[in-house]
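Biologist: I should be grateful for a close look at one helix of this model, followed by an account of the strands and of the chain as a whole.

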Amino acid sequence: MTTAVMCPQCNAPLSPHRFARSIVCAYCGATVQLDEAVVAAEKFHEAYRAWNSPTSYQIASWVSLDDKHWALERCIAHGERTDVYTGRRARWPTELVILKLLRESKDAELFENEWESLKTLHRSQARGADLFGNLLPQLVLHGNLGSGQYAGMRVSIFRRASGFRHTLEDVMKAHPQGIPPRTSIWVWRRILEMLSFLHASGMVHGALLPSHLLIQDNEHGVRMISFSCAGRPGEALRRVSPGYEGYYPQDHQPGRKLTAQMDLSMSARCVAAVLGGDPETATLPEAVPVPLADVVRRVALHDTRTQTILDAWALREELGVLSERVFGPPAFNPIRMPD
């Protein structure tokens, strides 16, 4: 007679080593203790329910998606379509997350597009996918909340990245006169590196704004967020964010086609703004060295009808050469933000 060892959580077959005392199920992740004594599966399920229940940890309120429960911590942003909260898995061990809750169903198309666009990018086989994939928002769960104060609302849950608290818009508020020109070089180069990966993956961000760029605390890191307007080159631009019209090239209004050049122009306009300049005209303070100001203006106001199409990585390399010529060897210049 053959005896099969089954996972009491999901009934998947287990193949433990002959001397093993426990094994982790490859299907559901449950850790199963192996014992000669027979244990009823219901006792296992009962223990799992107690471990997975927020009430076991004195958590007063939570939201649920399927059989996973999340404790909301604080609202960190009110976006155009969503309210954004920090949160954590309502059990131990926990998981730190960001929850984006869709406010109105009329914006569902953009909300769903973000999740699908990120899924596409996470499947990318483009060069650098192992590195840049980790810099994308990390997907956890997506669906309708089943219980809690926001029951029925659509939610996207992302893994929380430590060290990225401030947007480029926050930086502009903290440094209204502009960040040092030398510092703007690494900010722009990090953006261009990510854009190079996006474009090689056949995607355009479509909404590269200061509020959609996160700066790493005391380091030289940048992350992109808010991919709701992302799409394939040639698809229609879904939306122009109200109040940020000056960050979009003039020939890229709603309905116009998404292009890689649009992302590049918007990146230059973000840099112009964080330098204390005007993103729409790319007018910069006199303190910005002329060679850098010329590149910002050329890319921000790029006319695809008369100029060669730019490439994100080539522009990144151009900035490296310019930086060494104007500022000297590379140096560590993080952006300091008030606590």
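Modeller: The model is a predicted one, and the helix to examine is α6, which covers residues 260–274. With 15 residues at 1.5 Å a residue, α6 should span 21 Å, and the distance between its end C-alpha atoms is 22 Å, so the expected and modelled lengths agree. The expected span is 1.5 Å times one less than the number of residues, which is the step needed to reach that figure. Regarding its surroundings, α6 is mostly covered, with 14 of its 15 residues buried. Here a residue is called buried when its relative accessible area is under 20%. Just after α6, the backbone at G276 adopts a positive phi of about 95 degrees.

Strand β7, residues 82–89, may be considered next to the helix as a second covered element. Seven of the eight residues of β7 are buried, so the strand is largely enclosed by the rest of the structure. Its pairing can be followed on two sides of the sequence. Strand β6, residues 68–78, pairs with β7 in the antiparallel sense over seven bridges, and the two form a hairpin with three residues between them. Within this pairing, W70 has R89 of β7 as its bridge partner. Strand β8, residues 96–102, also pairs with β7 in the antiparallel sense, over seven bridges. The hairpin joining β7 to β8 runs through six residues, and R88 has L96 of β8 as its bridge partner. As a general point, side chains in a regular strand alternate between the two faces of the sheet.

These elements belong to a protein with eight helices and 13 strands. Of its 339 residues, 45% are buried. The C-alpha atoms fill a box of roughly 80 × 45 × 40 Å along the principal axes. Among contacts with a separation of 6 or more, 59% are between residues 24 or more positions apart. The accessible surface of the protein comes to about 17,800 Å², and carbon and sulfur atoms account for 51% of that area. As for charge, the protein has 37 positive and 36 negative charges, and the mean positions of the two sets are 3 Å apart.

Key. Residues numbered from 1 in each chain as written. Predicted model: local features only at pLDDT ≥ 70, side-chain atom pairs only at ≥ 80, totals over all residues. Heavy atoms only, no water. Helix = DSSP H or I, 4+ residues; strand = E, 2+ residues; numbered from the N terminus. Buried < 20%, exposed > 50% of the residue type's maximum accessible area, 1.4 Å probe, protein only. Contact = heavy atoms within 4.5 Å. Areas by Shrake-Rupley, 256 points an atom, 1.4 Å probe, with all protein chains shown as cover. Lys, Arg positive; Asp, Glu negative; His and termini not counted. Charge placed at Lys NZ, Arg CZ, Asp CG, Glu CD. Pairing = 2+ DSSP bridges.
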